[in-house]
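Please work through the exercises below with the sequence and the model at hand. Each task is followed by a solution in steps.

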Amino acid sequence: MDVWRYTQSGFNEQDAVTNGNRFLVGNGFMGYRGTMDEWGREQLAAVCLAGVYDQNGGKWREPVNAPNGLFAELTLHGKPVALGRTEPSEHSQTVDFRRGTHSRDTRFPGVRIQSERFASMARPHLLMSRLAITFYEGGDAELKTGVVTDIWDINGPHLFGHTFNDGRVLMCESRTGELGIPVAVAQAADCGFGCGEKRKITDTGVYRFIRFRAEAGKTYYVTLASAVFTGMDDPDPGESALSLCEKALAEGYESCLKAHEAVWDGIWQDCAVELRGDDSAALALNASLYHLNSIAPRHAESLSIPARGLSGQTYKGAVFWDSEIFLFPVFVHTQPELAKTLLRYRIDTLPGALRKADEYGFRGAFYAWESQEGGVEGCTDYNVTDVFTHRPVRTYFRDKQIHISGDIAYAFWRYYEITGDLSLLKQGGAEVILQCARFYLSRTHLRADTGKAELLDVIGPDEYHERVNNSAFTNQMAAHCMENALALGDVFAEHDPDFVGSLIKKLDFEQDMELIRALLPKLRPTFPEGGLVEQFDGYFKLEDCTLEEVRGRVLDEREYWGTNHGVAAHTQIIKQADVIALAALFPALFSDETVERNWRYYEPRTEHGSSLSACMYALTACRFGRPDLAWEHFIKTASIDLAGGGKHWAGEIYIGGTHPAANGGAWMIAALGFAGLEIRGGELTLRPCLPKQIQSLRFPVTLRGKRIRVTVTHDGFSVEDA
Ligand code: BGC
């Protein structure tokens with residue numbers, strides 16, 4: 001089995017949507033869905049742009065999809081040859097993880113169409129494809145290709161005022177509706193055949209038509225280069241798109257591909273995990289790391305990754321806690337520059353978080369639950385539509401999921417703990433921590449009778465229970481954030497003794513420091529040895545029924561289990577790891593026995609309705625030495641995008657796409673769980689817990705700027721320079 005390539009043979013129209021995710025190519029700047037060259041809006045063809053958002057009327061604000069510059073459709077004997085409309089005799093689609101390419105090979109009656117494409121890792125604005133068309137019989141053929149505005153949009157359209165240019169390099173320039181951001185897409189084509197080409201502008205794009213008399217047995221090659229620029233990354237997007245297309249074509253497909261592959265090669269040197277013993281698991285892990293790296297913002301200084309990556313507009317293209325808790329760990333251990341890029345996004349969006357806190361009447365930084373550019377809150381008050389009444393349901397994720405600020409502060413602290421590097425804290429991270437601590441200070445209630453500090457009316461990671469009091473996870477995150485606010489002074493004491501003092505002055509934080517010091521012992525939760533941790537006040541009093549019982553109460557497979565009337569809301573059934581996420585993120589607070597006790601209580605009560613859940617259970621099962629319990633969760637996490645798994649609906653809202661958090665989770669299970677890797681202050685420790693299915697794991701990590709390689713087998717482990 002080739003663990004670096006995933007191929008699907010045969011064609012089933014039902015798979016078109018999930019295949020768009022499975023076979024995506026991307027480079028952080030954009031994601032090109034794994035659709036056929038000849039497909040359009042109906043089959044969800046899209047070029048998803050990172051960090052460019054638009055709102056059309058009162059609809060949800062979402063990221064912008066660019067026009068498709070790799071569109072290509074063949075006509076033979078006057079009839080279009082297109083998958084879905086023309087029955088193929090054979091068809092296969094492949095994604096090559098190592099090279100970062102997508103390919104298809106389809107035999108139609110009379111003709112075979114093969115193509116390969118990539119989103120250049122060497123040049124973030126460039127997409128290229130090469131088509132090879134082989135005719136079994138001669139005849140009149142025409143290839144229609146161009147820049148097509150007929151692309152998938154959920155809450156669009158987002159691009160207006162298209163101006164097309166049908167010069168040698170085709171061009172479509174448009175502007176987004178809300179902010180007027182220019183988006184330019186160009187296409188150049190190289191084809192060594194045909195008797196001239198006609199170009200035409202229509203209301204769906206600008207096209208070139210290459211007519212030729214096809215000879216039986218002959219293969220015709222076409223190379224397409226498409227460049228995408230926006231006003232957010234270039235002062236003259238049109239000009240830049242035009243010149244990049246010409247340049248790429250002049251260099252040729254092979255040479256551009258080589259440059260692209262060289263970058264992928266470097267990426268794999270930094271992060272590939274060699275898993276021996278189970279090829280399907282190795283394939284799934286490669287797929288996970290492929291997807292994660294395809295959407296990592298290498299082109300930017302400050303940008304994060306949306307919850308569904310660059311696979312579409314679902315989840316509004318927004319950045320969630322997924323970035324800090326599930327993606328950041330992979331990058332900080334393998335490609336720390338990317339970890340910094342993700343966290344710089346939070347530094348740069350601090351003003352948005354300060355505004356949000358103020359809007360709710362609090363102080364400090366309350367980060368957006370669904371963060372868009374500049375920290376704009378993309379989460380709406382009505383995030384789910386009821387399948388029975390078709391009415392929007394008031395959800396409280398935006399208002400109450402306050403652990404987000406602590407999660408972000410946690411990642412800044414982890415960056416420092418893992419790398420020993422103070423630079424990120426100095427460049428704004430320390431301010432983020434202080435402002436988040438200030439937010440919790442203003443959000444906490446002090447009870448007059450017990451003297452206890454409480455965080456009331458919140459939502460923890462388990463979203464099925466809204467508006468609860470004293471979520472153990474949330475209280476611990478808030479307390480940790482406050483602890484770190486207090487610890488900043490010590491951390492900088494040696495290298496930059498004045499830094500924290502002047503920051504405190506600048507933020508007028510002196511009195512808050514004192515308040516935090518007094519409040520912390522009253523807020524910090526305690527976790528008695530061997531005890532069950534109650535997820536929130538009153539959780540244990542909820543109906544204790546089985547997952548099957550709750551499933552049996554479901555009337556419509558799309559119905560939402562949370563909010564007031566949800567089937568899980570009044571029971572102990574939870575959507576995702578919550579107490580167990582707490583145990584995974586704060587290992588020092590729980591003995592292995594306590595973790596096990598809680599695991600055994602909560603796991604059967606967890607629906608795993610979020611792709612963020614299983615990895616936390618797998619990680620913690622390794623803590624108490626049960627890799628057998630971790631295995632199933634590992635496979636589920638790592639193969640989510642290959643299997644087309646995960647939920648596709650929340651009520652009536654489509655939420656499908658790739659699952660970056662699970663992709664990150666898969667790496668975490670392998671490296672932090674099965675290998676038991678821990679890096680703290682530049683010191684590396686291993687506590688392996690290999691499942692029987694795995695003979696060995698071998699992977700690089702970056703330790704204080706140096707790449708080292710860890711090998712773990714059932715007989716022991718070793719660490720060497722890589
Ligand atoms: C989960 C959240 C997660 C979001 C984006 C939701 O279904 O409950 O924890 O952040 O999806 O992945």
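The exercises concern a predicted model and treat aromatic pairs, charged side chains, the ligand site and the backbone in turn.

**Exercise 1. Classify the ring pair formed by Phe11 and Trp39, and state which parts of the chain it ties together.**

Solution.
- A pair of aromatic rings is described by the distance of the centres and the angle of the planes.
- For Phe11 and Trp39, the centres are 6.1 Å apart and the planes stand at 55 degrees.
- Centres within 6.5 Å make a pair, and an angle that is neither under 30 degrees nor over 60 counts as tilted. The pair of Phe11 and Trp39 is therefore tilted.
- Phe11 belongs to the loop between strand S1 (5–9) and helix H1 (16–22), and Trp39 to the loop between strand S3 (30–32) and strand S4 (47–54), so the contact ties together parts that are 28 residues apart in sequence.
- As to exposure, Phe11 is partly exposed at 29% relative accessible area, whereas Trp39 is buried at 6%.

**Exercise 2. Apply the same reasoning to Tyr207 and Phe209, and determine whether each is buried or exposed.**

Solution.
- The ring centres of Tyr207 and Phe209 lie 6.3 Å apart with the planes at 45 degrees, so this pair is tilted.
- A residue is buried if its relative accessible area is under 20%.
- Tyr207 has 4% relative accessibility and is buried; Phe209, with 14%, is buried.
- The model has 36 aromatic pairs by the rule applied here. Ring pairs also join Trp4, Phe97, Trp264, Trp268 and Tyr290 into a cluster.

**Exercise 3. Identify the ring over which the charged end of Lys356 sits, and do likewise for Arg467.**

Solution.
- The charged end of Lys356 is placed over the ring of Phe366, at 3.9 Å from the ring centre.
- The charged end of Arg467 is placed over the ring of Tyr396, at 4.3 Å from the ring centre.

**Exercise 4. Contrast the salt bridge of Lys575 and Glu463 with that of Glu548 and Arg551 in distance, location and exposure.**

Solution.
- Side chains of opposite charge can pair when their charged atoms come close.
- Lys575 and Glu463 meet with an N to O distance of 3.2 Å. This pair links distant parts of the chain, 112 residues apart: Lys575 is in the loop between helix H14 (547–552) and helix H15 (579–585), and Glu463 in the loop between strand S23 (453–454) and helix H11 (472–493).
- Lys575 is buried at 10% relative accessibility, and Glu463 is buried at 10%.
- In the salt bridge of Glu548 and Arg551, the closest N and O atoms are 3.6 Å apart. Both residues lie in helix H14, separated by three residues, or about one turn of the helix.
- Glu548 is exposed at 54% relative accessibility, while Arg551 is partly exposed at 41%.
- The count for the model is 54 salt bridges. Asp2, Arg5, Asp96, Arg99, Glu116 and Glu261 are linked in a network of such bridges.

**Exercise 5. Describe the surroundings of the ligand and its polar contacts with side chains.**

Solution.
- Residues around the ligand include Ala307, Phe320, Asp322, Trp369, Ser610 and Leu612. Glu463 and Lys575 are also among them; these two residues form the salt bridge discussed in Exercise 4.
- Distances from a ligand oxygen atom to an N or O atom of a side chain are 3.1 Å for Tyr315, 2.9 Å for Trp321 and 2.6 Å for Gln576.
- On its own the ligand has 310 Å² of accessible area, of which the protein covers 96%.

**Exercise 6. State what is notable in the backbone at Pro157, His77 and Arg704.**

Solution.
- Most residues other than glycine have a negative phi, and most peptide bonds are trans.
- The bond from Gly156 to Pro157 is cis, with omega near 0 degrees. Pro157 is in the loop between strand S12 (139–148) and strand S13 (159–166).
- His77 has a positive phi, near 50 degrees, and lies in the loop between strand S6 (68–76) and strand S7 (79–81). His77 is partly exposed at 46% relative accessibility.
- Arg704 has a positive phi of about 50 degrees, and its place is the loop between strand S28 (696–703) and strand S29 (706–713). Arg704 is exposed, with 55% relative accessible area.

Technical notes. Residues are numbered from 1 along each chain as its sequence is written. This is a predicted model: local features need pLDDT of at least 70, side-chain atom pairs count only at pLDDT 80 or more; totals for chains, interfaces and linings use all residues. Side-chain values use heavy atoms; hydrogens and water are left out. Rings of Phe, Tyr and Trp (its six-membered ring) pair if their centres lie within 6.5 Å; planes under 30 degrees apart count as stacked, over 60 as edge-to-face and the rest as tilted. Helices (H or I, at least four residues) and strands (E, at least two) are DSSP runs, numbered from the N terminus. Buried means under 20% relative accessible area, exposed over 50%, partly exposed in between (1.4 Å probe, protein chains only). A charge sits over a ring if NZ of Lys or CZ of Arg is within 6 Å of the ring centre and within 35 degrees of the ring normal. A salt bridge is a side-chain nitrogen of Lys or Arg within 4 Å of a carboxyl oxygen of Asp or Glu. A residue is near a molecule or strand if one of its heavy atoms lies within 4 Å of it. A polar contact is a pair of N or O atoms within 3.5 Å; within protein, one must be able to donate a hydrogen and the other to accept it, and residues adjacent in sequence count only if both atoms are side-chain atoms. Accessible areas come from the Shrake-Rupley method with a 1.4 Å probe; for residues, only the protein chains shown count as cover.
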